[in-house]
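Here is a short briefing on enclosed space inside a protein model. Have the sequence and the structure open as you read.

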Amino acid sequence: MKQEQIVIIGSGPAGLTAALYMARAQLEPLVISGSQLGGQISITSEVENYPGFPQGTTGPELVELMRAQAETFGARLVIDEVTEVDFSHGPPFAVKSHSETYQAKAVIVTVGASPLRLGVPGEEEFIGRGVSFCATCDGFFFREKDVVVVGGGDSAIEEGIFLTRFANQVQVVHRRDQLRAGEALKRRAMTNEKIAFVWDSVVEEIVGNGKVEAIRVRNLKTGDQQQMPTDGVFIFIGHYPNSSLFEGQLKMDEKGYLTVDDRLMTSVPGVFAAGEIMDPVYRQIATSVGQGCSAAMMAERWLREHS
Ligand code: NAP
């Protein structure tokens with residue numbers, strides 16, 4: 001069993017920022033990466049609204065810079081996944097991963113959120129064979145093909161615009177006749193000649209034979225159904241918090257977001273949370289970074305007061 005001052009669970013912008021602050025406070029934080037180093041931004045194509053990058057940057061580049069900066073000051077990163085925690089006794093708190101059990105005097109939970117699924121026939125079956133939740137990862141495979149994007153929020157529109165680099169046509173299927181996405185993205189999508197919109201419509205089935213060939217779509221206003229041929233279906237309909245690991249241990253709201261106080265402390269003193277695991281509202285890189293910083297400052301103070 002390894003003894004640690006502070007374990008940070010998750011390596012997205014919140015976790016890596018918390019690691020940077022903890023490292024600069026000489027606390028040698030241990031970051032357990034989770035299944036995806038960098039979290040959701042590692043699969044985000046373009047980032048245009050994170051300050052300091054006037055030409056924009058990419059998600060993977062930002063992750064790499066944040067990781068390098070935290071490590072420069074002494075943060076340690078292990079590529080591993082936490083499988084179990086025990087916050088019922090302690091501190092120290094037990095944090096178990098695939099390869100190690102840690103005892104930590106304080107913990108910061110930054111495990112983020114995962115993409116929601118449509119829950120329609122064909123979705124699971126064709127993941128990796130035409131169904132994708134990541135334009136950065138899979139866009140390249142759809143050069144000169146036709147793809148469908150499902151959703152009307154910032155993610156759907158941003159990733160849809162990115163996909164026009166490869167695809168011949170991007171059809172955005174949205175369940176209403178207004179986009180949820182912000183004005184700047186909306187304008188860019190509306191004026192992009194490769195993007196078309198299928199309004200008031202939901203995907204009811206993803207159809208294919210070994211790979212995606214079409215979607216079955218229903219218009220919610222008219223009830224009409226149609227089969228639309230396509231080579232790929234990119235689904236961006238929101239996220240759910242990755243909080244199942246903490247059920248019964250930390251208080252959460254009805255949607256599973258961790259409940260924190262104004263110091264970002266969870267229902268267990270000494271366990272803090274930052275980023276999308278506790279934030280159903282803002283969910284920006286910039287806000288996750290801010291929350292990671294705040295959680296680290298509060299955790300550092302808590303450690304000082306309780307050592
Ligand atoms: P979101 O804002 O929750 O949007 C989800 C979209 O999917 C909505 O348009 C929603 O329709 C639709 N939807 C939800 N469930 C559906 C279902 N079962 N079937 C069909 N459509 C469904 O999620 P997001 O776009 O992933 O964004 C998440 C957060 O990250 C937001 O706060 C967003 O601002 C932020 N973000 C920001 C940027 C940026 O600033 N560049 C980029 C990406 C994400 P309705 O509109 O009808 O609800």
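The points below cover the cavities and the residues that line them.

This is a predicted model. The count comes to two cavities of 30 Å³ or more. The largest holds about 60 Å³ of space. The second largest has a volume of about 30 Å³.

**Largest cavity**

- Its lining is made up of Glu46, Glu48, Glu158, Ile161, Phe162, Leu185 and Arg188.
- Two elements, α4 (154–163) and α5 (183–190), each give two or more residues to this lining.
- The top contributor to the largest cavity is α4, which supplies three lining residues.
- By class, four residues of this lining are charged and three are nonpolar.
- No polar residue lines the largest cavity.

**Second largest cavity**

- The residues around this cavity are Leu16, Ala19, Val31, Arg67, Ala70, Glu71, Ala75 and Leu77.
- Here the elements that give two or more residues are α1 (13–24) and α2 (59–72).
- Of the elements lining the second largest cavity, α2 gives the most, with three residues.
- By class, six residues of this lining are nonpolar and two are charged.
- Polar residues are absent from the lining of the second largest cavity.

**Where to look**

- For the largest cavity, start at α4 and α5, then find Glu46 and Glu48, which also belong to its lining.
- For the second largest cavity, start at α1 and α2, then find Val31, Ala75 and Leu77, which are among its lining residues.

Technical notes:
Residues numbered from 1 in each chain as written. Predicted model: local features only at pLDDT ≥ 70, side-chain atom pairs only at ≥ 80, totals over all residues. Heavy atoms only, no water. 1 Å grid on protein atoms, 1.4 Å probe; cavity = no way out; pocket = protein on both sides within 12 Å on 5 of 7 lines; lining within 4 Å. Points joined across faces, edges and corners; volume = space filled by probe spheres on them. Helix = DSSP H or I, 4+ residues; strand = E, 2+ residues; numbered from the N terminus. Nonpolar A, V, L, I, M, F, W, Y, C, P; charged D, E, K, R; others polar.
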